[in-house]
Amino acid sequence: MTRFIGIDPATNTGVVILGANGNPIREVVLKGKGKSAPGGITQEQRVSLENQVYSILKPDDVVMKEGIANGNKMLITTAKIHGGIESMITRRGLKYDEVAPNAVKKFVNVSGWIGEPGSKQRLEGDAKKEAMAAAALEHFGYSNPRHDVVDAYIIAKIGEAVYRVRSGEKTLDDFKLDYQREVIWSIIDPTGYKEYEKTKKKKSKKPNKRPGKPAAAGSHTHLTEQPFLF
């Protein structure tokens, strides 16, 4: 039976397992056992965490994990945790997809910033947790008191969506929300999605100069751009 695994790697690693119908069958936060170290994770704890991840996985699982965020303040520790978890997935004979932290937020329409243009601030800490919790409830009717689990659930739903499109069960057009289609597409076809992003940015740019004289430049004729089709 196909299961969809969402993993949010950290010292407290959120893991959510969805059944074949897309509903949660396990929600857990894994923490390495053993002697702790201030501001990081000891080798003893890391190995314990890796073993716990390994014991959860099964041969037919579809795995999606969150990638490392840009500007991570604990990069060395984070890289060790991610590398260890990736090794456990590989040891189980599985492959995995990776979704960027910003894409996880995008999938449920959470911006990484709050405030008005010119005075925006990055969404962090409790504000981010509350926004993600509210978004998970709005989009999927899902709630959990642990923010690590909420994030892992959204990651698992991304993994499920990617699987269903790849397998032909669904198409991108079956996902009615633009931001969700874009996240799925960026994972399935990163090259094609990057080209789309370039095109979208070019179309959104406004000319810096006013057009020339109407009679000479023919500025009365406006060309309608053809919308991009998924």
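In the predicted model, helix H2 is followed by Gly93, a residue whose phi is positive, near 80°. The helix itself spans residues 75-91 and comprises 17 residues; its first and last C-alpha atoms lie 24 Å apart, close to the 24 Å expected at 1.5 Å a residue. Burial along H2 involves Thr77, Thr78, Ile81, His82, Gly84, Ile85, Met88 and Ile89. These residues cover an arc of only 160° around the axis and are therefore placed on the same side of H2. An α-helix has 3.6 residues a turn, so residues three or four places apart point the same way. Ile76, Thr90 and Arg91, by contrast, are exposed on the other side of H2. The cover over the buried residues of H2 includes contributions from strands E1 (4-8), E2 (12-18), E4 (62-66) and E5 (96-99), together with helix H1 (43-56).

Helix H5 (147-166) contains 20 residues and reaches 29 Å from its first C-alpha to its last, close to the 28 Å expected at 1.5 Å a residue. Because 17 of its 20 residues are buried, H5 is largely enclosed by the rest of the structure. H5 is followed by Gly168, and the phi of this glycine is positive, near 85°.

The loop between H5 and H6 contains Phe175. With a relative accessible area of 12%, Phe175 falls under the 20% limit for burial. Apart from its neighbours within four places in sequence, Phe175 contacts Ala161, Val165, Lys170, Gln180, Arg181 and Ile184. For one of these partners, Ala161, the C-alpha atom is separated from that of Phe175 by 8.8 Å, the two residues being 14 residues apart along the chain.

Nonpolar side chains form a largest core of 35 residues, in which Val16, Val99, Ile154, Ile158 and Ile184 have the most contacts. Two or more residues are given to this core by each of E2, E4, helix H3 (101-107), helix H4 (125-140), H5, helix H6 (178-188) and H7. The largest share, eleven residues, comes from H5. Around Ile158, and not counting residues up to four places away in sequence, the residues touched are Met64, Val99, Ala103, Val104, Phe107, Val183 and Ile187. Another core lies apart from the largest one and has 17 residues, including Leu49, Leu57, Ile81 and Leu94. Ile81 is also one of the buried residues of H2. In soluble globular proteins, nonpolar side chains tend to be buried together.

Charged side chains contribute 16 salt bridges to the structure. Side chains of opposite charge can pair when their charged atoms come close. In the pair formed by Arg46 and Glu50, the closest N and O atoms are 3.3 Å apart. Both residues belong to helix H1, where a spacing of four residues separates them by about one helical turn. Glu50 counts as buried, its relative accessibility being 10%.

A salt bridge also links Lys65 with Glu98, with a distance of 2.8 Å between the closest N and O atoms. Lys65 lies in strand E4 and Glu98 in strand E5, so this pair ties together parts that are 33 residues apart in sequence. The two partners differ in burial: Lys65 is buried, at a relative accessible area of 0%, whereas Glu98 counts as partly exposed at 41%.

In helix H7 (residues 190-204), Lys198 and Glu195 are three residues apart, about one turn of the helix. Their salt bridge brings the closest N and O atoms to 3.6 Å, and Glu195 is partly exposed, with a relative accessible area of 43%. Salt bridges with shared partners further join Lys106, Glu182, Glu197 and Lys200 into one network.

Over the whole protein, the secondary structure comprises eight helices and seven strands. Of the 230 residues, 38% are buried. Among contacts with a separation of 6 or more, 57% are accounted for by residues 24 or more positions apart. The accessible surface comes to about 14,000 Å², and carbon and sulfur atoms account for 51% of that area.

Note on methods: Residues are numbered from 1 along each chain as its sequence is written. This is a predicted model: local features need pLDDT of at least 70, side-chain atom pairs count only at pLDDT 80 or more; totals for chains, interfaces and linings use all residues. Side-chain values use heavy atoms; hydrogens and water are left out. The expected span of a helix is 1.5 Å times one less than its number of residues. Buried means under 20% relative accessible area, exposed over 50%, partly exposed in between (1.4 Å probe, protein chains only). The arc is that of the directions from the helix axis to the C-beta atoms. Contact means heavy atoms within 4.5 Å. A salt bridge is a side-chain nitrogen of Lys or Arg within 4 Å of a carboxyl oxygen of Asp or Glu. A nonpolar core is a set of buried Ala, Val, Leu, Ile, Met, Phe, Trp, Tyr and Cys residues joined through side-chain atoms within 4.5 Å. Accessible areas come from the Shrake-Rupley method with a 1.4 Å probe; for residues, only the protein chains shown count as cover.
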